[in-house]
Amino acid sequence: MRPSTMLFSVLLLYAAASAAFAANPYPGSILVLDQLAGSEGRGYLFAVNQANGYRTVVSDFADPAQGVLGVDPSGMTRIPAGLLGGNDRWLITDANGGTDGRGALYEVDLTSGARTLVSDLGNPQQGPLGLYPEDVLYISPALLAPISGTLVVDPFGGTDELGAVFKIWSDGRRTLMADLGDNHGPKGFYPTALAWRPGLLGLGGRLLVADSSAGTNQHGALFAIDPINKARTVLSDFGDPNQGWTDPRSESGPTFVLTGPNGSILVLVSLGGTDARGAVVQVDPTSGYRSLVSDLGDASQGPMGDVPVAMSWSANQQWLYVVDAMAGTDAKGLLLQIDPATGFRQAISNFGISSQGRLGEYPSAVEAN
């Protein structure tokens with residue numbers, strides 16, 4: 001390549017990178033979705049400055065100028081920018097949005113906060129109907145991977161309303177990826193969250209589903225689903241003491257699952273741990289054995305939780321972000337950072353303190369931007 005051509009290429013790449021940066025005003029921030037904040041309790045999407053915890057409202061779900069109104073926004077996922085550049089895309093579920101309040105999937109533009117409808121889960125022309133879609137997950141295409149795209153879990157979908165996982169296509173169509181009430185394995189009860197654990201080169205990957213009320217004595221279970229034949233197995237039964245850490249409370253259960261570096265699996269247990277303030281446990285991907293990572297009721301490990309609901313990794317995958325719906329000042333929410341090696345916690349943003357920006361009400365999802 002001639003020097004002049006090389007210089008021109010470098011300038012083009014620099015310009016493209018600068019344009020992408022300029023188009024996204026919140027690089028390095030932490031995005032937190034709040035189900036009940038704002039006017040009429042329709043929800044906010046916050047960008048949180050990880051250095052000082054200051055919150056900025058990216059999208060106000062009560063603002064008609066920003067697009068379709070929210071009702072009960074609950075889950076969030078990112079679609080990473082492709083090889084050709086551009087910005088990441090952000091999808092958000094609304095558990096009570098859409099036709100007849102059966103749920104909706106929105107896309108939110110971080111630059112303007114604009115919201116557009118991707119799929120109306122109450123529209124039968126787009127596929128199987130939802131009832132209360134909670135979590136959403138995007139699986140990036142990979143070599144030999146058996147599945148990719150956008151998946152949504154609905155705890156009341158499927159046979160006998162025991163839970164379903166829908167695949168959402170780019171045109172908003174829905175197909176049934178997994179029915180947790182059918183005969184492909186142990187039945188679900190209240191599945192609330194999804195994660196993907198890929199295998200080598202994408203082969204042998206499994207969809208992980210956290211169910212807060214399945215398993216022994218309804219203490220909850222972590223299902224593994226084969227994306228090809230739909231077979232379900234219980235990877236970890238949270239009521240089985242032979243698989244490690246358990247919580248004695250009947251009301252505790254796994255509500256969120258996250259995969260991470262080296263194939264690790266982390267599960268958030270609401271109403272578990274000391275004084276039922278929540279716990280983060282690690283699950284062995286082969287045996288399902290559980291080990292306690294952080295007890296959110298143990299003050300010696302840092303600020304305490306109350307109702308932790310969602311997790312994500314930091315951009316460098318060194319820290320866990322946990323959002324708690326009812327901790328913090330006036331029970332308006334708290335964003336925590338956890339060291340997965342020690343379980344030590346520190347507070348990033350207290351959603352009940354106005355000096356850190358607009359107040360929250362019930363933060364429900366978190367993602368690193």
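Two strands are taken to pair if DSSP finds at least two bridges between them. In this predicted model, β21 and β22 meet that condition, pairing in the antiparallel sense over five bridges. One residue pair gives a convenient place to start looking: Val 322 has Leu 336, in β22, as its bridge partner. In general, the strands of a sheet pair through backbone hydrogen bonds, in either a parallel or an antiparallel manner.

The β21 and β22 pair belongs to an open sheet of four strands, in which the order is β20-β21-β22-β23 and the pairing is antiparallel. The edges of this sheet are formed by β20 (308-313) and β23 (345-350); each has a single partner strand, so one side of each is left without a neighbour in the sheet. From one strand to the next, the twist averages 25°.

The loop between β21 (320-324) and β22 (334-338) holds a residue worth a closer look, Asp 330. Although Asp 330 is not a glycine, its phi is positive, at about 55°. Most residues other than glycine have a negative phi. Asp 330 is also exposed, with a relative accessible area of 62%, where exposed means over 50%.

A second example is found at Glu 40, in the loop between β1 (30-34) and β2 (44-48). Here too the residue is not a glycine, and phi is positive at about 60°. The relative accessible area of Glu 40 is 66%, which makes this residue exposed.

Attention can now turn to the open spaces of the model. The largest pocket contains about 900 Å³ of space. Its lining is made up of 34 residues, and those nearest the centre are Leu 137, Tyr 138, Leu 258, Thr 259 and Gln 317. Two or more lining residues come from each of β4 (73-79), β8 (135-139), β12 (191-197), β16 (253-259), β20 and β24 (363-368). Among the contributors to the largest pocket, β8 gives the most, with five residues. Edge strand β20 of the four-stranded sheet is thus met again in the lining of this pocket. Sorted by class, the lining of the largest pocket has 21 nonpolar, nine polar and four charged residues.

The second largest pocket holds about 500 Å³ of space. Of the 30 residues that line this pocket, Glu 134, Thr 192, Thr 255, Val 309 and Ser 364 are the closest to its centre. At least two lining residues are supplied by each of β4, β16, β20 and β24, and these four strands also appear among the elements that give two or more residues to the largest pocket. The lining of the second largest pocket divides by class into 13 nonpolar, 13 polar and four charged residues.

Enclosed space was examined as well. The count comes to one cavity of 30 Å³ or more, and the largest cavity contains about 30 Å³ of space. The residues that line the largest cavity are His 219, Phe 238, Trp 245, Asp 247, Ser 252, Gly 253, Pro 254 and Val 269. By class, this lining comprises four nonpolar, three polar and one charged residue.

How values were computed. Residues are numbered from 1 along each chain as its sequence is written. This is a predicted model: local features need pLDDT of at least 70, side-chain atom pairs count only at pLDDT 80 or more; totals for chains, interfaces and linings use all residues. Side-chain values use heavy atoms; hydrogens and water are left out. Buried means under 20% relative accessible area, exposed over 50%, partly exposed in between (1.4 Å probe, protein chains only). Axes are lines fitted to C-alpha atoms, for helices over the stretch in contact, and angles run from 0 to 180 degrees between N-to-C directions. On a 1 Å grid over the protein atoms alone, a cavity is a set of points where a 1.4 Å probe fits but cannot get out, and a pocket is an open set with protein on both sides within 12 Å along at least five of seven lines; lining residues have an atom within 4 Å of a point. Grid points are joined across faces, edges and corners, and a volume is the space filled by probe spheres set on the points. Ala, Val, Leu, Ile, Met, Phe, Trp, Tyr, Cys and Pro count as nonpolar, Asp, Glu, Lys and Arg as charged, and the others, Gly among them, as polar.
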